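User: I am new to this structure and would like to learn how to read its ligand site and its internal spaces. Could we take these topics one after another?

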Amino acid sequence: MELLEEQRETWGSRGGFVLAAVGSAVGLGNLWGFPYKLYSYGGGAFLIPYIVAMFCIGIPMLILEFSLGHFTQRAAPDAFRRVNKRLEFVGWWGVILGFVIITYYPTILAYCFSYMGDSLVSIFSGNPLPWAGEGIEGVENASNYFFKDYLTGGGYIGPFRGEILLMLILAWVAMYFCIFRGVNLVGKIVWLTVPLPWIMLLILAVRGLTLEGCMKGLAFYLDPDWTQLAKPTTWRFAFGQVFFSLSLAFGVMLTYASFLHRKSDINNNAAIIGIADFATSFIGGIAIFATIGGMAHITAQAGQPVPVNEVINGGPGLAFVAFPYALAQLPGAAWWSLIFFFMLVTLGIDSAFSITESVLAGIVDKTGWRRSIVLPVMSIVGIGTGLMYVTIDGLSFLGTVDGFVNGTWGIAFIGLLECVVLGWFSRLDVLRDHANERSDWHLGRWWNAAIRIVIPVVLGTLFFWSLYDNIAQFKAGEFLRNADGTCRISDCVGMGIMVVACLLAVMMSLFRSPHHKTEKQSAKLLRPESSTARSSGIFGCVIAAVALGLFIAAMTSEQAVLLYSSIALAVATLVMCHVMLERFDNDSMRPSGFARAGGILAIADISLCVLIILINLSKKVADKQTKPLEHADTLSGTSYIILGVVFVLIVLGLGWCFWKAITAAAKNEPEQLQPEEKSLG
Ligand code: PHE
């Protein structure tokens with residue numbers, strides 16, 4: 001069923017779309033986010049929550065974003081508008097936060113360009129890399145090079161660090177040229193920007209694995225600390241990481257799918273993208289830890305031992321201090337550094353331009369203005385806002401803004417809003433049928449339950465959890481403040497950006513556009529007018545309200561029984577409301593708004609109850625002092641099993657997807673031939 005009057009531009013091929021989406025998903029987050037979180041939260045044990053999150057939340061939500069984008073053939077804001085006129089702000093909110101990401105993401109690419117330049121200079125001049133050094137002092141040297149010399153050293157243009165500014169402009173120019181011609185060209189460029197970093201990553205992994213001592217590093221990566229699984233924070237970070245890594249909630253995947261050919265597969269593509277993203281993260285971790293293990297061995301041999309855990313440092317420290325230091329210990333260090341930073345650039349650039357594309361498509365769809373005008377203006381605004389990150393406090397601003405975007409009011413809230421809005425206020429079956437009609441394999445009814453119940457409860461818990469942390473900070477007088485009570489500027493700027501993003505989203509959705517001609521048609525497809533089952537809906541609402549009352553009573557009286565009764569009532573309400581939506585949401589009727597309200601109240605109640613249980617659990621686990629894991633010089637038997645299981649899972653998963661694609665293509669071929677045969681005849 002075609003919704004649009006005009007044919008939208010499309011990706012050149014299925015491969016072009018899959019690679020572009022993989023390009024967006026696989027980014028800097030895979031290389032420093034995943035390995036570091038795995039190392040910090042239980043090694044191999046972290047894989048359990050991660051894989052659960054990937055399959056129960058990541059892939060189903062990816063399918064949701066793909067099907068909405070493909071169904072409406074519109075970028076996020078307009079896509080949500082087609083569900084309901086009043087919901088356009090949900091799309092804008094995600095897109096605007098996406099814009100906030102592209103104000104700082106290219107700054108990290110700028111660092112990579114500089115480090116690439118340094119590696120090239122070292123290759124040609126034969127001088128050692130500027131961050132090279134020996135022993136523990138060497139690590140300090142690498143750290144000083146990044147944090148002091150590079151980030152805050154001399155060479156200022158006004159308040160801005162000249163070199164970084166130049167590289168930032170270079171990053172934007174590169175992004176501009178990747179997308180200025182539209183998605184068709186993007187579909188071709190990604191044939192380079194996705195396989196290339198994979199090849200380099202494999203080269204780095206093989207190099208790492210052939211170093212003596214590599215197993216020592218891998219032991220830190222993979223040896224499982226099962227006690228971490230009892231800590232709710234481990235689960236929290238696993239779910240957050242999956243979300244960021246799959247580029248969910250910022251309208252990117254939705255926009256990319258809007259350019260898909262009408263007949264293109266949705267479900268299988270989402271599964272392939274999810275598994276490919278996981279595989280990249282996992283192999284990235286192997287490359288990093290094996291190399292650091294090799295470094296530990298080399299420094300020990302040289303009589304100035306640097307143990308593995310002494311260099312591992314999260315965030316930028318991993319990519320710009322620990323790993324470059326480890327590479328600097330290898331023969332041919334400058335070449336390896338060049339490969340690594342070039343890999344980071346190619347990994348990051350397609351993630352960066354995917355967000356630019358989503359903002360661009362949002363504005364173009366809304367206003368009808370030309371890409372050739374909006375893109376340069378957007379790039380200039382992007383560089384202008386990015387100036388904040390090339391000042392002396394740039395990295396601290398970057399970290400804070402990143403924390404806000406990926407925190408309470410960013411990813412968690414928008415993802416939650418997306419699922420609630422689409423699960424409870426649109427006809428999910430329309431989207432599921434739309435996806436199934438053209439996909440290599442079909443989604444069952446479980447998908448509706450996942451989007452409507454499971455994911456909102458999980459994201460709701462994560463959201464309330466972050467809110468709880470913020471409230472605790474506020475109570476301790478630490479929210480947006482330094483220890484001495486003065487205002488922490490970077491936090492205030494981050495908070496200000498979040499408020500402005502929200503206001504801007506509402507303003508953008510209020511602004512009327514001449515391009516909303518067709519919205520009525522799709523709105524009708526998603527929401528029929530007449531409503532039914534009013535009394536059951538009211539009943540659901542009342543029970544959900546009672547459950548919330550019980551929760552409040554449980555909080556004031558600290559009685560566990562009340563808490564569990566509240567959960568039990570809310571679960572019953574949720575199931576009842578879900579069944580009502582499943583049964584009565586069809587072409588001729590829709591369940592009354594009370595059923596939706598009851599369901600949403602129940603979700604809020606369950607999330608709050610689960611949060612309280614998890615917080616109590618966290619306190620108990622924290623009280624029990626767990627011994628830090630002792631790592632042997634070689635990989636333990638369990639770690640080998642984990643390694644084997646993950647590889648089998650990836651190979652089987654991808655193999656199954658490709659097999660489904662091949663069998664579906666074989667089935668469709670005769671059908672596709674028919675019209676041609678007719679015209680030939
Ligand atoms: N998924 C990208 C990464 O892992 C980051 C990203 C987030 C890209 C959101 C687009 C949108 O680095």
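User: Where does the ligand sit?

Analyst: The model is a predicted one. A cavity is a space where a probe fits but cannot get out, whereas a pocket is open. In this model, the ligand sits in the largest cavity. Four helices each give two or more residues to the shell around the ligand: α1 (14-25), α2 (28-40), α11 (232-245) and α16 (333-367).

User: How many residues surround the ligand, and which are the closest?

Analyst: A residue is taken as near the ligand if one of its heavy atoms lies within 4 Å. Here the ligand is surrounded by 15 residues, and Ala25, Gly29, Tyr105, Phe244 and Ser245 are the closest. Sorted by class, this shell holds seven nonpolar and eight polar residues, with no charged ones.

User: Which atom of the ligand does a polar side-chain atom of Tyr105 lie 2.7 Å from?

Analyst: For such pairs, one looks for N or O atoms within 3.5 Å of each other. The partner of Tyr105 is an oxygen atom of the ligand. Asn30 also places a polar side-chain atom 3.3 Å from an oxygen atom of the ligand. With Ser245, a backbone N or O atom lies 3.1 Å from a nitrogen atom of the ligand. As for cover, the ligand on its own has 330 Å² of accessible area, and the protein covers 100% of that area.

User: What volume does the largest cavity have, and which residues lie nearest its centre?

Analyst: The volume of the largest cavity is about 150 Å³, and the model has three cavities of 30 Å³ or more. Its lining comprises 16 residues, with Ser24, Phe244, Ser247, Ser351 and Ile355 nearest the centre. The helices that each supply two or more residues to this lining are α1, α2, α5, α11 and α16. By class, the lining of the largest cavity consists of eight nonpolar and eight polar residues, and no charged residues.

User: How much space lies in the largest pocket, and how many residues line it?

Analyst: The largest pocket holds about 1500 Å³ of space. It is lined by 48 residues, and Phe237, Asp402, Gly403, Asn406 and Gly407 lie nearest its centre. Elements giving two or more residues to this lining include α18 (394-405), α19 (408-425), α21 (446-475) and α22 (489-510).

User: Which element gives the largest share of that lining, and what classes of residue does the lining hold?

Analyst: Helix α11 gives the largest share, eight residues. The lining of the largest pocket holds 25 nonpolar, 16 polar and seven charged residues.

Technical notes:
Residues numbered from 1 in each chain as written. Predicted model: local features only at pLDDT ≥ 70, side-chain atom pairs only at ≥ 80, totals over all residues. Heavy atoms only, no water. Polar contact = N/O pair within 3.5 Å; in protein donor to acceptor, adjacent residues only side chain to side chain. Areas by Shrake-Rupley, 256 points an atom, 1.4 Å probe, with all protein chains shown as cover. 1 Å grid on protein atoms, 1.4 Å probe; cavity = no way out; pocket = protein on both sides within 12 Å on 5 of 7 lines; lining within 4 Å. Sits in = over half its atoms within 2 Å of the grid points. Nonpolar A, V, L, I, M, F, W, Y, C, P; charged D, E, K, R; others polar. Points joined across faces, edges and corners; volume = space filled by probe spheres on them.
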